[in-house]
Amino acid sequence: MNNLDNFIGDSDSDKIENAIKACKNGEFMLPSRAEIVKDGRDYWLLDRAVLIPENTTILLRNCKIKLSDNCRDNFFRSANCGLGINNPEIIRNIHIKGEGLCVLEGADHPRSTGDSSKVLAFPCPKRPEDLCRLADWVPAERKSLGKTSFWDEHSHSYGTDAGKKGESQRGDWRNIGILFANAENWSIENLRLVDFHGWGISLEACAYGSIKNIDFDACMAKEIDGLLHNIENQDGIDLRNGCHDIMISDITGGTGDDLIALTAIAGPEEYLPGGSLGSTHVLHNDWTRRDKNIHNVLIRNVKGYSKGGICFHIRLLAVETKIWNVVIDGVIDTSPEGFYSGGVLLLGEQDGAYGSNQPDSISRITVSNMLCDSSNAILVNGYVANSVISNVMNNNPAASAIRVCREGGLKNVVLNGICTVGEKIVDEDF
């Protein structure tokens with residue numbers, strides 16, 4: 001473990017980086033800041049991401065880590081990737097482990113939030129009545145919030161970098177809480193993530209790892225200086241293209257967007273090298289040179305909901321790609337009474353949003369033991385083949401247990417023990 005005397009530097013980021021460099025046997029322990037620095041602040045304040053080198057375990061012990069208002073970066077990132085790194089080398093044996101209560105919390109005034117499709121706005125009021133109150137401050141395209149489409153409403157996200165010369169005016173991979181890329185033999189466990197700036201945890205081309213005992217607290221909005229601001233894309237956990245052989249378990253809490261998402265998107269788009277600031281991906285998107293699919297994923301023991309109210313507990317999205325061999329077992333919708341999110345499980349997407357679905361895009365999926373009170377227990381927007389769905393209960397009388405939105409959406413799919421208090425167990429909406 002580290003020697004506490006190695007916490008030297010002008011800032012908390014300096015202290016932590018110096019201690020990681022000095023640690024022996026690849027094990028670094030970060031305690032409560034109050035144990036090290038006697039200045040009245042009991043949390044660590046980051047100005048930049050903590051980079052995790054190969055063969056390193058970061059042990060967090062009863063501590064809180066917060067992003068400063070100057071930080072436009074991750075909490076933690078695998079040390080092989082980052083700005084200007086086009087082809088990160090594979091990195092192995094990196095771990096983040098919490099002991100006791102370990103909290104990662106976003107900045108009081110984030111410089112940027114959301115993904116690369118979101119334009120920064122400052123202020124960025126969430127409620128229509130606030131738009132009227134701040135009419136002189138809000139961009140013209142935001143003033144008619146109550147009359148615009150869904151995508152118009154969600155095109156902007158809070159960021160104090162809005163309008164600043166030389167700063168990117170969109171979100172990017174730096175808004176992700178924990179970002180690993182091209183990593184093998186890794187783990188992330190026993191953490192609580194609060195008001196993160198984009199996705200909580202994102203993995204790109206990662207394999208042979210696990211995420212467990214993670215609690216989320218985000219709601220696609222944050223009260224800042226007395227005004228509720230829009231904070232977009234607060235997914236909990238995202239597995240991106242090239243991820244395989246991963247276990248996700250014991251996930252709780254609420255997120256602004258999807259709680260867990262497996263999103264393999266490889267539709268037509270402009271080429272961006274790795275480390276570009278124009279993307280929410282830190283890896284390049286030349287699919288002729290890297291794996292674009294997702295497979296061999298186990299998801300179990302999920303208790304939570306999408307506080308944003310429009311998204312899903314679990315989402316599988318394959319566009320010009322394939323997702324296969326996924327086990328989803330044990331999902332409980334904890335939405336408050338009368339609150340209906342988009343649904344519990346979304347399989348595929350409508351054509352056009354990200355590209356086109358293929359008939360064999362999602363296959364060999366097993367879904368079991370799901371309890372919910374939702375707009376949709378399972379929504380099939382794409383194609384699902386050669387799969388099993390069993391023991392699913394939707395307690396919302398106005399909704400079915402399974403809604404299929406396209407002809408041929410379910411092919412060779414076994415349904416067993418599907419129940420709803422509504423009129424239809426399976427609703428074919430086409």
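This section describes the nonpolar cores, aromatic pairs, salt bridges and selected residues of a predicted model.

The largest nonpolar core of the predicted structure comprises 80 residues, and the residues with the most contacts inside this core are Leu 60, Phe 76, Phe 180, Leu 203 and Leu 316. Apart from it lies another core of eight residues, among which are Cys 81, Ala 181, Trp 199 and Leu 283. When neighbours within four places in sequence are set aside, Phe 76 is in contact with Val 50, Ile 52, Ile 58, Leu 60, Ile 65, Ile 96, Leu 104, Gly 177, Ile 178 and Leu 179.

Ser 78 is found in strand β6, which spans residues 76–78, and with a relative accessibility of 0% Ser 78 counts as buried, because buried residues are those under 20%. Not counting residues up to four places away in sequence, Ser 78 touches Ile 52, Ile 91, Ile 94, Leu 179, Phe 180 and Ala 181. By contrast with these contacts, Ser 375, which is 297 residues from Ser 78 in sequence, is placed 38 Å away in space, C-alpha to C-alpha.

Four aromatic pairs are present in the structure. In one of them, the ring centres of Phe 180 and Trp 186 are 6.1 Å apart and the ring planes stand at 85 degrees, so this pair is edge-to-face. Both partners are buried, Phe 180 with a relative accessible area of 0% and Trp 186 with one of 2%. The rings of Phe 196 and Phe 216 also form an edge-to-face pair, because their planes lie at 65 degrees, with the ring centres 5.7 Å apart. This second pair links distant parts of the chain, since Phe 196 belongs to the loop between β12 (183–194) and β13 (201–204), whereas Phe 216 belongs to strand β14 (residues 207–217), 20 residues apart. Phe 196 counts as buried at 1% relative accessibility, and Phe 216 is likewise buried, with a relative accessible area of 2%.

A search of the whole structure finds 29 salt bridges. Asp 161 takes part in several of these, and the salt bridge between Asp 161 and Arg 72 has its closest N and O atoms 2.9 Å apart. Asp 161 lies in the loop between β10 (156–158) and β11 (178–181), while Arg 72 lies in the loop between β5 (64–67) and β6, so the pair ties together parts of the chain that are 89 residues apart in sequence. Both residues are buried, the relative accessible area being 2% for Asp 161 and 6% for Arg 72.

A salt bridge is also formed between Asp 161 and Arg 111, for which the closest N and O atoms are 3.0 Å apart. This pair too links distant parts of the chain, with Asp 161 in the loop between β10 and β11 and Arg 111 in the loop between β8 and β9, 50 residues apart. Arg 111 counts as buried at 17% relative accessibility, because the cut-off for a buried residue is under 20%. In the salt bridge of Asp 161 with Lys 164, the closest N and O atoms are 3.9 Å apart, and Lys 164 counts as partly exposed at 44% relative accessibility. These residues belong to a network of salt bridges in which Arg 72, Arg 111, Asp 161, Lys 164, Glu 167, Asp 172 and Arg 174 are linked.

Pro 110 lies in the loop between β8 (103–105) and β9 (119–121), and with 1% relative accessibility Pro 110 counts as buried. Leaving aside neighbours within four places in sequence, the residues in contact with Pro 110 are Tyr 158, Gly 159, Thr 160, His 197 and Ile 224. The C-alpha atom of Pro 110 is separated by 41 Å from that of Arg 406, a residue 296 positions away along the chain.

At the surface, Leu 415, Ile 425 and Val 426 make a nonpolar patch of about 210 Å². Within this patch, Ile 425 is located in the loop between β28 (410–420) and β29 (426–428), and Ile 425 is partly exposed, with a relative accessible area of 40%.

Key: Residues numbered from 1 in each chain as written. Predicted model: local features only at pLDDT ≥ 70, side-chain atom pairs only at ≥ 80, totals over all residues. Heavy atoms only, no water. Helix = DSSP H or I, 4+ residues; strand = E, 2+ residues; numbered from the N terminus. Buried < 20%, exposed > 50% of the residue type's maximum accessible area, 1.4 Å probe, protein only. Contact = heavy atoms within 4.5 Å. Core = buried A, V, L, I, M, F, W, Y, C linked by side-chain atoms within 4.5 Å. Patch = residues over 30% accessible without salt bridge, like charges linked within 9 Å, V, L, I, M, F, W, Y side chains within 5 Å. Areas by Shrake-Rupley, 256 points an atom, 1.4 Å probe, with all protein chains shown as cover. Salt bridge = Lys/Arg side-chain N within 4 Å of Asp/Glu carboxyl O. Phe/Tyr/Trp six-rings, centres within 6.5 Å; stacked < 30°, edge-to-face > 60°.
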